[in-house]
Amino acid sequence: MESRASLSILALLLGFSQALDLNQPQPVDITSKILTTNNGSSELLLEGDILLPRSRNALVCTDNSCFWKKSSNGLVEVPFKLSSVYSFSDRTVIANAMATFHSKTCIRFVPRTDQTDYLSIESKDGCYSFVGRTGGAQVVSLSTVGCIYHGIVEHELNHALGFYHEHTRSDRDRYVAINWANIDPEMQSNFNLKNTNNLKTPYDYSSVMHYGKTAFSINGLDTITPIPDPSVKIGQRDDLSATDILRIKTLYNC
């Protein structure tokens with residue numbers, strides 16, 4: 001649970017006096033909700049919610065320039081600017097999601113002053129983000145229609161910290177089977193393996209970054225089947241998993 005201290009701090013940062021517990025219930029898993037919301041987006045999105053930068057390859061980071069820098073105090077500050085279109089309750093959900101990172105990792109989302117690199121959190125046509133730090137003002141889209149949920153905000157912020165979807169990690173074929181016949185041929189690239197740094201952590205079916213079983217299904221049947229036990233649940237809707245938190249702490253040496 002988020003610490004009250006973190007919530008109070010973020011409440012002040014986001015422009016209201018007290019953060020409330022308004023984690024809205026989600027009728028479907030996180031990624032299914034994101035994919036539905038993003039259907040018809042004008043952006044070219046990889047894997048449904050990853051923006052492709054025009055200046056460099058989004059899939060490769062050859063040095064630490066893709067990650068947010070640690071301050072001398074040991075904290076990793078991620079400046080952000082929040083659009084004025086968000087309501088009180090929207091800001092509360094975003095504050096609570098940010099507070100989870102604050103209370104469990106060394107990540108600190110801080111309002112932008114004059115920093116060159118920062119997250120511009122806007123209500124555009126879906127829920128999506130770049131992966132890692134791209135430089136300058138980088139958009140994290142959290143549409144007021146369909147994206148303001150605790151888990152979705154965490155999911156997109158985790159992309160901005162440098163994390164990909166769990167189902168594309170380099171060793172996924174040992175843990176899930178991809179049912180290519182059930183995937184729209186035009187969408188099959190969303191299941192391509194990545195050359196990922198798995199940070200010596202186990203595959204995490206419960207990750208907030210894991211697709212649901214029917215993601216990009218062309219016929220309603222499962223596109224992802226856990227192995228060897230197909231009954232394992234994937235595509236949760238609630239919060240960062242313990243392994244999600246471990247990876248953030250490992251990547252940023254918290």
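**Exercise 1. Describe the burial of arginine 172 and its salt-bridge partner.**

Arginine 172 counts as buried, at 3% relative accessibility, where buried means under 20% relative accessible area, exposed over 50% and partly exposed in between (1.4 Å probe, protein chains only). This is a predicted model, in which local features need pLDDT of at least 70, side-chain atom pairs count only at pLDDT 80 or more, and totals for chains, interfaces and linings use all residues. Residues are numbered from 1 along each chain as its sequence is written, and side-chain values use heavy atoms, with hydrogens and water left out.

The next step is the partner: arginine 172 forms a salt bridge (a side-chain nitrogen of Lys or Arg within 4 Å of a carboxyl oxygen of Asp or Glu) with aspartate 173, their closest N and O atoms being 2.6 Å apart. Aspartate 173 is partly exposed, with a relative accessible area of 45%.

**Exercise 2. Determine which residues are joined into one network by salt bridges that share partners.**

Begin with the pair arginine 169 and glutamate 166, whose side chains meet at 3.5 Å, N to O. Arginine 169 is buried at 4% relative accessibility, and glutamate 166 is buried as well, with a relative accessible area of 5%. Shared partners then join Glu166, Arg169, Asp171, Arg174 and Arg247 into one network.

**Exercise 3. Locate Arg247 and state what its helix packs against.**

Arg247 is among the buried residues of helix α5 (residues 242-251), helices being DSSP runs of H or I with at least four residues, and strands runs of E with at least two, numbered from the N terminus. The buried residues of α5 pack against α3 (88-104), β4 (107-111) and α4 (150-161).

Technical notes: Contact = heavy atoms within 4.5 Å.
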